[in-house]
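This report addresses charged side-chain pairs and the packing of one helix. Please consult the sequence and structure shown here while reading.

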Amino acid sequence: MRELPKITSAMLVVTHECNLRCRYCFVHKEPQRMTLSTARDAARFLIDNARAAGAGTPEINFFGGEPMLEFDTVIKPLVEWVHDGLGEPFRFSVTTNGTLLTDERIRFMKRHGFGLLLSMDGTGPVQDWNRPFAGGGGSFAALRPIVPKVLAAWPGVTFRMTAIPETCGRTFESIMWAAAQGFRSFYITPNVFEEWGAEARAALAGEMRRYTGYYAGCKRSGVRPIMFSSFEQAREDRRQIRLAEERGTYRSLPKCRAEGKCGLGASRFASIHPNGGLYACQEMTSSEGPESPFYIGSIYGGVDNSRRRSLMESFDAHPVRGPYCGECGYDLICDGGCAANNYLATGSVNGPPEVFCWWRRLLLAEAGKTEEVG
């Protein structure tokens, strides 16, 4: 069995608290916050691992909850300590809802080479319903003046959206709003932890058809559309499915096995709990404790590679199966989706939630309509 890579990149969960109450959030709003001391220990852990591995620059993505709640207490002093105090090469990024960004904070992050992922769901009606403030009231008005500043600082930032049944009928409107602001790419996925009835599915499918028509029209006109990474992946997946059919192979791509997947402890990436615990996926840091199969050690006690291998083997031991595999175009190359979402939704890393499978089939079909436009 191959040696597992040392962990040199982490989602640093600095808090489980958040100033929003998104209707689909998977994080339990427990009063767990990382101390600056633990954050420094986490950075040192990653630096030491990178040195021992002999390659690569260590990385931290600040995550939550809403990590910007700890900007002054953890993020800023940690970055200054690493870059200015230790003088270490280190890459930083943040996943944020954007509401707590200020000119000063943006300048600081740009000065230190931060990357940024913005979680925002769309136009006013969608954003305000999906992502209200903890105290009540919508968050769109607070974000409206911040969005241009984010785009000026990070022109390639992705507009990261989640679809839910109540507002999914305005998805294309939200995509076009994002494009009008200057976003070049977006990402959207349905919330797989709730029921999607026939009416909601039909609404979201209709919105994707609208995007497909827009995409094909842009391509024919020589105009760059706002890009959807999952849609582009579905276009490539159609090619991979044809190759699998020609070769007579079944789930032979690297991404179909644990070694090719995030969230299974197989790579150099992990997530660090506010107490220093290590998890194979950030979704699990507020869901379960050390009893979790996704728990793989601690920055203090070290990485437990036997737990990493056990998690990988649990995924590879049984083929990922759902009720529609036999009729699904993805069956030949299926990678099983998100192992953590599978576990949280069905109790098994090998059991994808049905709505996820439906979503992938939808994108695969829509991508097929654009093959003639290149």
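## Salt bridges in the model

In this predicted model, a search of the whole structure identifies 21 salt bridges. Side chains of opposite charge can pair when their charged atoms come close. Three such pairs are described below, together with the accessibility of their residues.

## Glu59 and Arg268

Glu59 and Arg268 are joined through their side chains by a salt bridge, with an N to O distance of 3.2 Å. Glu59 belongs to strand S2 (residues 59–63), while Arg268 is found in the loop between helix H9 (229–247) and strand S8 (269–272), so the salt bridge ties together parts that are 209 residues apart in sequence.

How accessible are the two partners? Glu59 has a relative accessible area of 18%, and it counts as buried because this value falls under the 20% limit. Arg268 is partly exposed, at 27%.

## Glu366 and Lys369

A salt bridge also links Glu366 with Lys369, where the closest N and O atoms are 2.9 Å apart. Glu366 is buried, with a relative accessible area of 4%, whereas Lys369 is partly exposed, with a value of 43%.

Which residues are joined into one network by salt bridges that share partners? These are Glu59, Arg91 and Arg268. The Glu59–Arg268 pair described above is thus set beside a further residue, Arg91, in that network.

## Lys149 and Asp103

Lys149 and Asp103 form a salt bridge in which the closest N and O atoms lie 3.0 Å apart. Because Lys149 is part of helix H6 and Asp103 is part of helix H3, the pair ties together parts that are 46 residues apart in sequence.

Both residues of this pair are partly exposed. The relative accessible area is 38% for Lys149 and 37% for Asp103.

## The buried side of helix H6

Helix H6, which spans residues 146–153, has the buried residues Ile146, Val147, Val150, Leu151 and Ala153. Why do these residues lie on the same side of H6? They cover an arc of only 165° around the axis, and this puts them on the same side of the helix.

Against which elements do the buried residues of H6 pack? Their packing partners are helix H3 (103–111), strand S4 (115–119), helix H5 (140–143) and helix H7 (171–181). Helix H3 is therefore linked to H6 through the Lys149–Asp103 salt bridge and is also a packing partner of the buried residues of H6.

Technical notes: Residues numbered from 1 in each chain as written. Predicted model: local features only at pLDDT ≥ 70, side-chain atom pairs only at ≥ 80, totals over all residues. Heavy atoms only, no water. Buried < 20%, exposed > 50% of the residue type's maximum accessible area, 1.4 Å probe, protein only. Helix = DSSP H or I, 4+ residues; strand = E, 2+ residues; numbered from the N terminus. Arc of directions from axis to C-beta. Contact = heavy atoms within 4.5 Å. Salt bridge = Lys/Arg side-chain N within 4 Å of Asp/Glu carboxyl O.
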